[in-house]
Every structure is written in C-alpha cells, then in structure tokens.
Amino acid sequence: MPIKLKDLPRIRYNMPGNAACPGCPETMGMRYVKMALGDNVVMVIPAGCSSVIQGINPKSGMNFPILNIVFAAAASAAAGMKAAFEELGRDDVQVVVWAGDGGTGDIGFQALSGAAERNDDIIYICVDNEAYMNTGIQRSSLTPYGAWTTTTWTGKTEHKKNIPLIMIAHDVPYVATASVGYPQDFIEKLRKAASIRGFKYVHLHAPCPVGWRFDPGLTPHVAQLAVKTGLWPLFEYERGKFRVSSFSRMYRKPEKRAPIEEYLKLQGRYKGAGPEVVKELESYVNRLWEWIELLEKSMSPSTTAKKLVSKT
Amino acid sequence: MPVKTLTGNKAVAYAARLARVKVVSAYPITPQTTIVETLASMIEHGEMDAKMIRVESEHSALAAALGAASAGVRAFTATSSHGLLYMHEVVWWTAGARVPLVMAIVTRAIGPPWNIHVDHQDIWDQRDSGWLISIAESNQEVFDLTVQAFRISEDERVYLPMMVGLDGFILSHTVAPVDMPEQHEIDEWLPERKQPYVITPETQYVMGNLATDEDYYMMRYSIQAAMEAAKDVIKEVDKSFGENFGRSYGGLVERYRVEDAKYHVIVAGSWAGDAKEAVNILRDEGYPVGLLRVRFFRPWPTEDIVDVVGSSKGVITFDRSVSFGARGHLFMETISSLGPLAGKLSVRGVIAGLGGVDVPAEEFAMVIREFIDEVEREGQVYDPAYWHLPSQYRDMYPSRVEEVVR
C-alpha cells in the first residue's frame with residue numbers, strides 16, 4: 001500500500017533545541033522514523049552526529065526514548081534491550097538502532113555482523129552521510145570515490161563499501177536501501193521491517209550539506225540526484241527475494257540515468273574533480289547495477305522462493 | 001541448604017541463576033569459559049528462565065548486558081583478562097549510566113606473552129571506572145558475593161555495577177564444597193530489582209546525551225558519593241547475609257588473627273589462604289602477626305585499613321599486580337589510606353605471583369618473617385617495591401629493580 005503524505009501524522013517530531021545543522025538529513029530521517037513506527041519505539045544511538053543533535057541533558061531534542069551507547073556497540077546494546085523486552089513480555093516494543101556510516105560500516109561493523117548473524121529482532125538503520133561528519137568530515141569506508149574529506153585532501157582513492165549487499169549475504173530476513181529524498185519509500189520500508197521478526201537492516205542515504213559542501217536548502221534534491229544517477233539504487237531484499245524499488249526501476253537502463261556530473265557539480269567535496277573521477281564513478285555505477293541485475297535474476301520474487309531458504 | 005562440590009565458575013553460574021538473571025550475554029575466554037558454558041546449558045535445558053545472547057566479542061557482551069539492564073531486567077556477564085580489557089570502554093559507560101549490573105571477573109594475566117594463569121592485573125586495571133570491585137578467597141565466597149552483588153548494586157544508595165573477582169584456575173577450575181541456599185530462600189532475601197531509571201516507550205527516558213561540563217562534573221561527584229555510601233551497604237548486606245545464611249566475611253575486609261597483632265599482612269584473592277597459613281606458621285613461632293584480606297578494592301576500605309593498621313609496627317602488602325613505573329596496587333592504596341600514619345610504621349610492598357607463579361605458604365612465611373626480623377633489627381623500614389622473584393631467578397636478579405639500573 002503506497003504511503004500518502006496526507007495520511008502521515010502531523011506531529012512535531014524534532015524538538016526545538018536540537019543541535020542539528022541547517023539542512024540536516026538526520027533530523028529529516030528521524031522524523032520519518034517516528035512517522036513510520038509511532039511511539040512504541042526505543043532508540044539506540046552510538047557516537048555520531050545524532051549523539052549531539054539530541055541537545056543538552058537533561059532535555060533532549062529528539063522525541064524518542066534513547067540509550068546512547070559507545071561507538072562500536074550499538075547493535076549489541078539493542079540486542080540486549082530486545083532480549084529484556086521479550087523477557088518482560090513486551091514483544092511489541094521496536095528496538096531501533098540509529099547509527100552513522102562509521103558506527104555501521106567501520107567501528108561498529110563487528111557488532112552489526114554479530115547481531116545480524118544471530119538474527120536479533122531489531123531494526124538497524126544506517127544513516128549514511130558518507131563520512132565521519134561529527135568529528136569534522138573525515139573519510140569512512142562508505143565515502144565514495146573521489147570525494148574530498150579532511151583525511152582525503154586530494155579525493156578518496158577507494159570506492160564506497162556496499163554494506164547493504166554485505167547484509168544480504170548475512171541472509172537476514174530484511175534488507176533495504178532508502179533515501180531522505182524519498183520519504184514515502186523509506187516509511188513504507190520501515191513499516192514493512194516492523195512487521196517482520198528477526199534482523200532488519202535499512203540503509204538510509206543522507207546527503208550532508210556541511211560535509212558535502214552544498215546549499216542546505218538542497219538536501220532532498222541532492223538525495224534524489226544520487227538515486228537518479230544510479231549511484232544510490234533503492235532496493236529491497238525480503239526473505240530471499242530481491243527487488244528494485246519503484247523510484248529506482250527506470251535507472252536500470254544507463255541511458256535513463258542522470259549524468260553524474262550533474263550530481264557532482266552541486267557538491268563542494270567534488271570541486272576540482274576531473275573527468276577521470278566521473279569516469280571512475282560511472283564504472284562503479286555500472287558494476288553496482290551488474291550486481292543488482294545478478295541479484296534480481298537469481299532472487300526475483302517470481303523465481304526464487306524455492307531456491308533460497310531464508311531465516312524468518 | 002544443599003552443599004555441592006563446585007568449581008568457582010559453576011558457583012558463579014548457579015548464583016546468577018538463583019538471582020533470577022533474565023539476560024546473559026557473554027563471550028568465552030579462558031579461564032572464564034565454563035561460566036558461559038554452564039549458563040548456556042542451563043538456559044537451553046530450561047533450568048534457567050533467561051535469554052542467552054551469544055555475542056561476538058566482550059565489547060558486545062557488556063553492551064548487550066547494559067542494554068538489557070537499562071530496559072529493566074537483571075543482566076549478567078563474565079569475562080577475564082583480554083576480554084575485560086577489550087570491553088573497557090563499556091565498563092566505564094555502564095558505571096556512568098548508573099545501571100546496576102553484575103559481572104564476574106576470572107582473574108588472569110595479560111599478554112604478551114600469552115599466559116592464562118592467575119594474577120590481578122586485569123581486574124585492578126578497572127579500578128578507576130566507577131564499578132564496585134570485589135574479589136573472593138574461596139568458591140563459597142564466590143557464590144555468596146555473586147548473590148550479594150545484585151543486592152548491593154541495586155541498592156538505591158549505590159546504583160553502580162559490581163564486579164566479582166575469582167582467581168583463574170585456583171578458584172575457577174578447582175572444586176570445593178559450596179553451600180547454596182534454596183531458590184525460595186534467595187527470593188526472600190534478594191529484593192525485586194530496583195534501578196534509577198528504565199528506558200521504555202512509556203518512560204521516554206534518554207540516557208547519555210551531552211551534558212554541560214558542570215553537570216558532567218556533578219555526575220562524577222555523585223559516583224564518588226555512591227562509592228562512599230556503598231561501604232555501609234556492603235557491610236549491611238554482609239551482615240544480613242550472615243543472619244540468613246550463616247556466613248559473614250567482615251564487610252570490605254576480612255580480619256584474620258589481628259587482635260593482638262603488631263605486624264599486618266595485606267592481601268587479596270585466593271592466595272590469602274596461603275598467606276593465612278603463613279600467619280599460622282609465624283604465630284606458632286611467636287611472631288605477633290595478623291592479616292587483613294581486602295574483599296573490596298572499590299570502594300577501597302580506607303577506614304578498615306586505618307582501624308587495623310593505623311597503630312601497627314609494620315605492614316607488608318602482597319600484590320599480584322604492578323603499576324609499571326610505580327608500585328603494586330594494594331601497596332599504593334594502603335599507603336594513601338594511612339596518610340600521615342604511614343610515616344610512623346614500617347612498610348614493605350611485595351610484588352609476587354605474576355602470571356600465576358606459585359607462592360606457597362612457606363614462602364609467604366619466609367618473606368613476612370624476613371620483614372619482621374628486619375624491622376626488629378633496624379628500626380623503621382621503608383621498602384615500597386620488593387620483587388619476590390621466581391625461585392630460579394632469585395640469585396640472578398636483585399629484588400629491588402632500581403639496583404638493576406644502577
């Protein structure tokens with residue numbers, strides 16, 4: 001059932017006093033999480049921008065109960081909370097991890113992989129702004145090729161690590177990619193995740209005006225361009241079935257994709273990036289979609305139900 | 001009350017079950033492993049009503065236990081040596097969160113080189129973290145302390161997590177009779193879990209976001225205040241446990257033959273048994289010596305030390321650990337508790353038994369005898385770091401490391 005904006009609750013989800021920068025994709029994303037999941041949620045947040053965005057204790061600018069936790073342990077702390085709620089007969093409580101790309105793909109990866117392998121019944125959201133923004137824009141393993149950061153002054157020389165595919169390889173019940181540029185899609189995926197038992201992974205692409213050096217009024221626009229260039233494909237993996245989401249379907253065909261230059265030219269982090277960066281990113285996009293084609297072919301909803309047995 | 005012969009590790013596991021722990025999360029490490037195995041077996045076979053989270057590391061083990069405890073249930077984990085060091089930042093986070101929790105530490109040396117045998121370097125390394133830190137002498141005390149730890153940690157005057165130390169292999173893998181109360185007796189003695197807050201959709205509680213520097217400072221102040229308050233709580237719990245189950249240990253310290261003693265031995269952990277035997281030997285020889293066994297390293301028993309040792313002629317501490325570049329831990333703590341009194345008595349800080357090197361009762365007696373004889377002969381002795389070397393090295397190296405350098 002498609003989500004209609006007019007049906008979504010109109011509640012102030014981020015409180016005055018939160019410390020987000022103008023145009024912050026994290027407060028946007030957090031708002032959608034609350035729209036999707038409602039009030040029966042506890043949040044686990046490791047070190048990152050969202051530790052700061054909450055504002056100053058004893059108040060909080062985020063409308064969630066939150067266990068803040070050390071950088072590398074978000075998934076484990078969430079697993080513990082979920083186990084406690086189950087023991088207390090509170091199976092209904094959704095335990096949600098809200099972690100950045102560092103807390104997910106780098107320092108927190110071991111805990112994430114552990115929780116996924118155990119199929120702990122939590123929703124893990126990676127809010128991916130493609131660098132360590134909270135410490136001042138240092139590269140992460142999820143920073144894309146060619147991007148300037150304060151530890152890659154002449155552009156990153158490696159490509160973005162594909163965590164969603166790695167999570168699919170964990171054979172968890174649900175993996176999805178999403179974008180702050182497509183709130184309905186994100187909300188729909190979160191609601192689906194909430195209806196599934198076991199480990200759910202949702203990777204939210206979250207362009208950061210400060211770190212990527214673009215106009216803070218353009219956050220959703222830049223997020224949409226990432227999808228339209230094919231650099232950030234929206235897809236879902238559900239119990240062994242893989243499908244490209246509707247907003248990304250047309251970008252299977254390279255000729256339908258927006259030119260990468262259009263995406264790069266809005267971002268100061270790609271200032272001075274020459275044609276070789278564009279070429280390298282184009283080849284990355286092609287490889288990425290080859291993966292997707294492979295997954296679609298072998299795991300499409302129509303062909304695979306019998307071939308793969310997924311944890312449920 | 002059934003008496004069973006149990007290893008220290010089994011005693012820990014049974015105590016956690018009797019305390020009605022609801023979430024166990026742990027990662028195996030020698031010599032803690034049989035705690036995890038026993039708990040996993042009890043949970044899988046329906047003998048314990050709890051969830052087991054088989055985490056991928058110790059860092060996650062304590063984080064998951066903290067998550068569970070902050071949602072409102074009794075949570076438990078256990079580790080040792082490198083596992084404890086690996087989870088160190090979560091150790092701090094748990095205390096800062098003021099979440100009551102119990103963790104068993106099977107004490108073991110830290111590498112390199114690899115060494116799985118007992119010393120106290122791992123557990124004392126946690127001394128500044130805000131956890132209550134206790135250490136047992138016997139398997140019975142391991143059991144008793146583990147049960148008591150929940151009551152102490154969950155006391156509203158404390159609300160701090162607690163470690164129960166037991167010496168690797170010496171206690172963890174050695175069987176001894178352990179008197180275990182019945183479930184209903186523990187249920188009557190151990191109150192329902194209390195904690196300062198729970199994080200649920202209803203409470204909307206947020207733990208750990210930024211605080212002002214001033215508020216942060218005051219939260220640290222409150223941990224210190226809770227540590228002070230814990231001293232009374234530990235004594236009350238020890239007394240109450242004794243009244244109900246017949247075993248009291250003396251609170252933060254155990255005093256052994258101290259009544260008319262002029263010299264005092266300070267020691268912690270399982271080798272206190274050997275040290276007590278040494279005291280017996282020396283008493284038979286006419287030496288007026290008693291022993292103070294440190295049961296709680298945090299809060300440190302300053303008042304007990306001053307009370308027993310303040311008017312002593314000489315104090316000898318035995319440390320199974322060292323703060324490199326300084327002294328043994330018990331020595332430093334003892335001297336700092338004594339304050340101006342320290343200058344009036346003789347002291348020797350002995351560093352021995354690192355990496356599991358055995359120190360039998362006769363050797364304890366020899367070292368203590370030498371100290372007393374020296375004080376009687378020469379008047380005041382100040383000897384802060386005396387390395388009681390392994391016997392095969394004793395003739396090759398001096399016991400005072402400064403002499404190697406000079």
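Visitor: Over how many bridges do strand E7 (residues 235–238) of chain A and E8(A) pair?
Guide: Happy to start there, with the reminder that this is a predicted model. E7(A) and E8(A) form a hairpin with 2 residues between them, and A:Phe235 stands opposite A:Val244 in E8(A). The two strands pair in the antiparallel sense, and the number of bridges is 4.

Visitor: Which residue in the turn of that hairpin has a positive phi?
Guide: The turn belongs to the hairpin of E7(A) and E8(A), where 2 residues lie between the strands. In that turn, a phi of about 45 degrees is found at A:Arg239.

Visitor: Which residues make up the uncovered face of strand E8 of chain A?
Guide: Strand E8 spans residues 241–244 of chain A and has two unlike faces, one covered and one uncovered. A:Phe242 and A:Val244 belong to the covered face. That leaves, on the uncovered face, A:Lys241 and A:Arg243.

Visitor: Are the faces of strand E2 (residues 66–69) of chain A covered or uncovered?
Guide: On one side of E2(A) sit A:Ile66 and A:Asn68, and both are buried. On the other side, A:Leu67 and A:Ile69 are buried too. Both faces of this strand are therefore covered, given that buried means under 20% relative accessible area.

Visitor: Which residue of E9(B) is the bridge partner of A:Leu67?
Guide: Within chain A, strand E1 (residues 41–46) runs parallel to E2(A) and is joined to it by 4 bridges, with A:Pro46 opposite A:Ile69. E2(A) also pairs with E9(B), in the parallel sense and over 2 bridges. In that pairing across chains, the partner of A:Leu67 is B:Met207.

Visitor: How many residues apart in sequence are the parts tied together by B:Arg127 and B:Glu333?
Guide: These two side chains form a salt bridge, with the closest N and O atoms 4.0 Å apart. B:Arg127 lies in the loop between helix H6 (121–124) and strand E6 (132–135) of chain B, whereas B:Glu333 lies in helix H12 (residues 329–338), so the pair ties together parts whose separation in residues is 206.

Visitor: Is B:Glu154 buried or exposed?
Guide: B:Glu154 meets B:Arg193 in a salt bridge of 3.1 Å, N to O. The pair links distant parts of the chain, 39 residues apart: B:Glu154 is in the loop between helix H7 (139–153) and strand E7 (162–167) of chain B, and B:Arg193 is in the loop between helix H8 (183–189) and strand E9 (206–207). B:Arg193 has 19% relative accessibility and counts as buried. With a relative accessible area of 4%, B:Glu154 is buried.

Visitor: Why does A:Asp39 count as exposed?
Guide: A:Asp39 forms a salt bridge with A:Lys34, the closest N and O atoms being 3.3 Å apart. A:Lys34 counts as buried because its relative accessibility is 4%. A:Asp39 counts as exposed because its relative accessibility is 54%.

Visitor: Which residue of chain B is linked in a network of salt bridges with A:Lys82 and A:Glu86?
Guide: The chain A members of this network include A:Glu87, A:Asp91, A:Asp121, A:Arg197 and A:Lys200. Chain B contributes B:Lys51.

Visitor: Which helix gives the largest share of the negative patch?
Guide: B:Asp274, B:Glu277, B:Asp284, B:Asp358 and B:Glu362 gather in this patch on the surface. B:Asp284 counts as exposed, at 68% relative accessibility. The helix that holds B:Asp284 also supplies the largest share, 3 residues, and is H10 of chain B.

Visitor: What is omega for the cis peptide bond from B:Pro112 to B:Pro113?
Guide: Another cis bond runs from B:Thr30 to B:Pro31, with omega near 0 degrees, and B:Pro31 lies in the loop between strand E2 (23–25) and helix H2 (33–44) of chain B. B:Pro113 is found in the loop between strand E5 (102–107) and H6 of chain B. For the bond from B:Pro112 to B:Pro113, omega is near -10 degrees.

Visitor: What is the positive phi of A:Ile137, which is not a glycine?
Guide: A:Ile137 lies in the loop between strand E4 (123–128) and helix H6 (163–169) of chain A. This residue is buried, with a relative accessible area of 7%. Its phi is about 65 degrees.

How values were computed. Residues numbered from 1 in each chain as written. Chains lettered and ligands numbered in written order. Predicted model: local features only at pLDDT ≥ 70, side-chain atom pairs only at ≥ 80, totals over all residues. Heavy atoms only, no water. Patch = residues over 30% accessible without salt bridge, like charges linked within 9 Å, V, L, I, M, F, W, Y side chains within 5 Å. Areas by Shrake-Rupley, 256 points an atom, 1.4 Å probe, with all protein chains shown as cover. Lys, Arg positive; Asp, Glu negative; His and termini not counted. Charge placed at Lys NZ, Arg CZ, Asp CG, Glu CD. Buried < 20%, exposed > 50% of the residue type's maximum accessible area, 1.4 Å probe, protein only. Pairing = 2+ DSSP bridges.
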